[in-house]
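Let's take a walk through this model together, starting at the ligand and working outward to the pockets. Have the sequence and the 3D view at hand as you read.

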Amino acid sequence: MSETSPRLRAELEGIPTYKPGKAAAAADGPVAYKLSSNENPYPPLPGVLESVASAAGAFNRYPDMACTGLMNELSDRFGVPLTHLATGTGSVGVAQQLLQATSGPGDEVIYAWRSFEAYPIITQISGATSVKVPLTPGDVHDLDAMADAITERTRLIFVCNPNNPTGTVVRRAELERFLDRVPSDVLVVLDEAYREFIRDTEVPDGVELYRERPNVCVLRTFSKAYGLAGLRVGFAIAHEPVAAALRKTAVPFGVSQLAQDAAVASLRAEDELLGRVGSLVSERARVVETLRGQGWTVPETQANFVWLRLGERTLDFASACEQAGVVVRPFAGEGVRVTVGETEANDIFLKTTEAFRKEL
Ligand SMILES: *Cc1c(COP(=O)(O)O)cnc(C)c1O
């Protein structure tokens, strides 16, 4: 028997592993709140739970592969044809399919940095080359520099709006100017995972931009505002050839029936869910105002999290938070991203920032 191991694609070497937000501490530890993954702190609505419970009675069967019920609901909700929709295992799953469909070795994928940490991972898996364009000093996408970075090899550009982990947005005029500069054969993916938390009316709805532009694809998820992170369902709205390519690259039966039914129930309970989002947006305002009052510089956030650029003090701050009872998401040497969660959790975070501020 030979001692060589199976040959794996060289592209997989050195891929950073996705770092999930740290879990809250064990039950016997101090009270701990998880503010590390931008989840919705509210438990599922009773009606949503019921739909999942009833779907659970049939999980010996494969789910509806075409996600018919959910696709119909989305088509009505957004006023888009079924042929312009594709669902997937979370919007990260759909983003990975977009790369599979567009990019391979020799191709380039542009995105801002720092931005969503899944982008470098899924780009590298595809074999394409990442072109990371630094955020402006104000932690906003530098769209002019991103347009300047386009070459003959560019196949896909991610625009994360609002940006994870900074919460900052790009507004209508600058985004349209950027889109005008992108060649029509380059796909622009507007990742709008936090769309429902936006209150700045100058931030365009990606779905409006997609209607006019065949090379724009919008990604949305049920993981954040809709509170279904554990069920893995997201979707894309894109013009026909792109949406069709997404259906070709989908993992068969990837979206469970539980996820499909919960997503439909959530869309039908949208008023109640968006009411909860409204409460989180009020909490966000309180958190940002308090931080600024304490003397912190906080970029304007339109998502359900805040970004503190702590530089070398990042890990110290993250452990101070953990000791106080909240887990946050540190990016060593850069800063921490902190989800707006339950009021009690936010209060613990704000007490920690107050104490830490005095040490700086
Ligand atoms: C959380 C998040 C997603 C959504 O991920 P799912 O796979 O749908 O859970 C997508 N994009 C960004 C920028 C996110 O922060």
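Which helix gives the largest share of the shell around the ligand? That is helix H3, residues 90-102, with three residues of the shell. Keep in mind as we go that this is a predicted model, so treat each distance as a property of that model.

Let's look at the shell itself. The ligand is surrounded by 13 residues, and the closest are Ser91, Tyr194, Thr221, Ser223 and Lys224. Sorted by class, the shell holds five nonpolar, five polar and three charged residues.

Now zoom in on the polar contacts. Thr221, one of the closest residues, has a side-chain N or O atom 2.5 Å from an oxygen atom of the ligand. Ser223, also listed among the closest, places a polar side-chain atom 2.6 Å from a ligand oxygen. The side chain of Asn164 joins in too, with an N or O atom 2.8 Å from an oxygen atom of the ligand. How much of the ligand's accessible area does the protein cover? On its own the ligand has 380 Å² of accessible area, and the protein covers 94% of this.

Step back a little and consider the space around these contacts. The ligand takes up the space of the largest pocket, which holds about 510 Å³. Its lining is made of 29 residues, and those closest to the pocket centre are Tyr18, Val92, Phe116, Lys224 and Arg232. You have met Lys224 already, as one of the closest residues to the ligand. Two elements, H3 and helix H4 (118-126), give two or more residues to this lining. H3 gives the most, with four residues. By class, the lining of the largest pocket counts 11 nonpolar, 10 polar and eight charged residues.

There is another pocket to visit. The second largest pocket has a volume of about 390 Å³. It is lined by 24 residues, with Thr87, Gln97, Leu246, Ala250 and Val251 nearest its centre. Which elements each supply at least two residues of this lining? They are strand E2 (85-88), H3 and helix H8 (240-249). Here too H3 provides the largest share, with four residues. The classes in this lining are 12 nonpolar, 10 polar and two charged residues.

If you want a thread to follow in the viewer, trace H3: it contributes to the shell around the ligand, to the lining of the largest pocket and to the lining of the second largest pocket.

Key
Residues are numbered from 1 along each chain as its sequence is written. This is a predicted model: local features need pLDDT of at least 70, side-chain atom pairs count only at pLDDT 80 or more; totals for chains, interfaces and linings use all residues. Side-chain values use heavy atoms; hydrogens and water are left out. A residue is near a molecule or strand if one of its heavy atoms lies within 4 Å of it. A polar contact is a pair of N or O atoms within 3.5 Å; within protein, one must be able to donate a hydrogen and the other to accept it, and residues adjacent in sequence count only if both atoms are side-chain atoms. Accessible areas come from the Shrake-Rupley method with a 1.4 Å probe; for residues, only the protein chains shown count as cover. On a 1 Å grid over the protein atoms alone, a cavity is a set of points where a 1.4 Å probe fits but cannot get out, and a pocket is an open set with protein on both sides within 12 Å along at least five of seven lines; lining residues have an atom within 4 Å of a point. A molecule sits in a cavity or pocket if more than half of its atoms lie within 2 Å of its grid points. Ala, Val, Leu, Ile, Met, Phe, Trp, Tyr, Cys and Pro count as nonpolar, Asp, Glu, Lys and Arg as charged, and the others, Gly among them, as polar. Grid points are joined across faces, edges and corners, and a volume is the space filled by probe spheres set on the points.
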